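Trainee: I should like a close look at a single helix and its surroundings. Please take me through them in one connected account.

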Amino acid sequence: MSALKKSDSKIVEVSEHGVRRKPDNPVKIENFAEMKGRTVYINGFPETLSLDDIEAFLESHGQFDTIMMRRFKKVGEKAGNFNGSVFATFTSEKSAVQFLNKFKVTEQLKYEEKTLQVMSKDDFYRQNNRTNHSSKKNDSSKSTVPVDGRILKFSGVAETIRREDLKEFFDPFADVQFVSYCKGDSKGLILFEKFNAANNALDNIKKAEKKLELNGQPFEVSVLEGKPLS
């Protein structure tokens, strides 16, 4: 946790209990694009590593607000396990750009003897979208993937609900990237990793006949409409 403890970020605070977002600095929807500019994708870590292992490895390369371990889909033998890739959000866009320039242009980033894949978060989604678009074109029975539909609005949750409760509720139905919410509020936003995932999450919840309720209290959800984030 040392790299995060050294950070003077206004967004997260660190205690012996771990990392959490400061309640007086909730993330607003217009900040998602700015955060994406500070975030890099790194793939190829051994799947047995812990978050502490990855933080210890990356701390010499800059200061980070957050490091998010990505996990396998919640099906199969590896369901929920670390998949070897992370999203690492630097404290500044300049640091992120310097990191990418160094390890995409001049040298390779290696963990032990293995070369890691490094790219910006934008490049990661562009690459995924090209792959998805190509597979959709080869299947005429499926429509193309929309470029928005990643954000879900929710309201009516109890004051006792935590961000972790919301992530745990929605994660089985679509991969959650971030929850914009402070405990005590009645509403917030869920940002999913993939385009149109908010719609897919609602469809999967309906198929599973899952009730929209937390701690016995029903709540409401809707997909946030608008232009795609860039």
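Mentor: Buried means under 20% relative accessible area, exposed over 50%, and partly exposed in between (1.4 Å probe, protein chains only). Helices (H or I, at least four residues) and strands (E, at least two) are DSSP runs, numbered from the N terminus. This is a predicted model, in which local features need pLDDT of at least 70 and side-chain atom pairs count only at pLDDT 80 or more, while totals for chains, interfaces and linings use all residues. Residues are numbered from 1 along each chain as its sequence is written, and side-chain values use heavy atoms, with hydrogens and water left out.

The helix to examine is α7, which spans residues 197-207. Within α7, the residues A197, A198, A201 and I205 are buried. These residues lie on the same side of α7, because they cover an arc of only 105 degrees around the axis, the arc being that of the directions from the helix axis to the C-beta atoms. An α-helix has 3.6 residues a turn, so residues three or four places apart point the same way. On the face of α7 turned away from its buried side are the exposed residues K206 and K207.

The buried residues of α7 pack against β9, α6, β11 and β14 (220-223). A view from the strand β9 (residues 151-155) is given by L152, which is found there. L152 is buried, with a relative accessible area of 0%. Not counting residues up to four places away in sequence, L152 touches F170, G188, L189, I190, F192, A198, L202, V221, S222 and V223, where contact means heavy atoms within 4.5 Å. L152 and N199 are 47 residues apart in sequence, yet their C-alpha atoms are 8.3 Å apart in space.

Both ends of α7 deserve attention for their backbone. Most residues other than glycine have a negative phi, and most peptide bonds are trans. N196, in the loop between β11 (187-192) and α7, has a positive phi of about 70 degrees although it is not a glycine. Just after α7, E209 takes a positive phi of about 55 degrees, and E209 is not a glycine either. E209 belongs to the loop between α7 and β12 (213-214). The two residues differ in accessibility: N196 is buried at 16%, whereas E209 is exposed at 72%.

The packing partner α6 (163-170) is followed by a loop that leads to β10 (176-180) and contains D171. D171 is buried, with a relative accessible area of 11%. The side chain of D171 makes a polar contact with the side chain of K167 at 2.5 Å, and it reaches the backbone nitrogen of V176 at 2.9 Å. A polar contact is a pair of N or O atoms within 3.5 Å; within protein, one must be able to donate a hydrogen and the other to accept it, and residues adjacent in sequence count only if both atoms are side-chain atoms.

In the segment after β14 lies L224, which is partly exposed at 23% relative accessibility. The C-alpha atoms of L224 and I190 are separated by 9.7 Å, with their positions 34 residues apart along the chain.

A word on confidence is also in order. The chain averages a pLDDT of 79, and 74% of the residues score at least 70; pLDDT is the predictor's confidence in each residue, from 0 to 100.
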